[in-house]
Amino acid sequence: MGLFSKKQKVEEASSTHSVTLSDGITYTVERVVDCIGDSCPRPQLMTKKTVGEISVGQIIEVLVDNPSSMEALPPMCDELDSTHLETIKDARCWKVYIQKD
């Protein structure tokens, strides 16, 4: 199985939900990119692809359990014309929130 042949784990609008971040603002998450169990560079590639598919102002939630992936996502937001809003540690993963600029 190649790096890109794995089943895509991006949940579409049916999974739209709201999240309130530490700034007190409630955001609507348009897509969830489930990268649990994936290692670099797959989470970065899935995030890049998903940011390219959403509209300006929309939010994605990236689920990662790999520490190096969690650390790599915020710095790459500049090259994706997006903003890292926040990373939240959950029981089994980190949730990285990214907004397309």
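## Close-up views of a predicted model

**View 1. Asp81 is exposed, with a relative accessible area of 54%.** Welcome to this predicted model; our tour starts in a loop. Asp81 lies in the stretch between helix H2 (67-72) and strand S5. Have a look at the backbone here: phi of Asp81 is positive, at about 50°, although Asp81 is not a glycine.

**View 2. The whole chain, with its helices and strands in order.** Stepping back, the reader can count two helices and six strands. Starting at the N terminus, the elements follow one another as β-β-β-α-β-α-β-β. Of the 101 residues in the chain, 42% are buried. Contacts between residues at least 6 apart in sequence often span a long stretch of chain: 61% of them join residues at least 24 apart. The accessible surface amounts to about 5,400 Å², and carbon and sulfur atoms account for 51% of that surface.

**View 3. Strand S6 pairs with S4 and with S5.** Strand S6 covers residues 94-100, and five of its seven residues are buried. Strand S4 (residues 59-64) runs antiparallel to S6, with six bridges between them. Strand S5 (residues 82-89) is antiparallel to S6 as well, this time over seven bridges. To follow the chain from S5 to S6, trace the hairpin of four residues that links them. Tyr97 is a handy landmark in S6: Glu61 stands opposite Tyr97, and Glu86 has Tyr97 as its bridge partner. While you are looking at these strands, a general point helps: in a regular strand, side chains alternate between the two faces of the sheet.

**View 4. Lys89 and Trp94 meet as a charge over a ring.** Which ring does the charged end of Lys89 sit over? It is the ring of Trp94, whose centre is 4.6 Å from that charged end. Lys89 falls within S5, residues 82-89, and Trp94 within S6, residues 94-100. As for rings paired with each other, a search of the whole structure turns up zero aromatic pairs.

**View 5. Cysteines without a disulfide.** Searching the whole structure gives zero disulfides. Why does Cys35 form no such bond? The closest cysteine sulfur, that of Cys40, is 10.0 Å from the sulfur of Cys35, which is too far for a bond, since a disulfide calls for sulfur atoms within 2.5 Å. Cys35 is buried, and its relative accessible area is 0%. Cys93 also counts as buried, at 3% relative accessibility.

**View 6. A cis peptide bond leads from Cys40 into Pro41.** Here omega is near 10°. Pro41 belongs to the loop that connects strand S3 (26-35) with helix H1, so this view follows on nicely from the cysteines.

**View 7. Gln44 in helix H1 and its contacts.** Is Gln44 buried or exposed? Gln44, a residue of helix H1 (residues 42-53), is buried, with 13% relative accessible area. Setting aside residues up to four places away in sequence, Gln44 touches Ser69, Ala72, Leu73 and Met76.

**View 8. Ser18 in strand S2 and its surroundings.** We finish at Ser18, which is found in the strand made of residues 17-20. Apart from neighbours within four places in sequence, Ser18 makes contact with Thr26, Tyr27 and Thr28. Ile59 is 41 residues away from Ser18 along the chain, and their C-alpha atoms are 9.9 Å apart.

Key: Residues numbered from 1 in each chain as written. Predicted model: local features only at pLDDT ≥ 70, side-chain atom pairs only at ≥ 80, totals over all residues. Heavy atoms only, no water. Phe/Tyr/Trp six-rings, centres within 6.5 Å; stacked < 30°, edge-to-face > 60°. Lys NZ or Arg CZ within 6 Å of the ring centre and 35° of its normal. Buried < 20%, exposed > 50% of the residue type's maximum accessible area, 1.4 Å probe, protein only. Pairing = 2+ DSSP bridges. Contact = heavy atoms within 4.5 Å. Areas by Shrake-Rupley, 256 points an atom, 1.4 Å probe, with all protein chains shown as cover.
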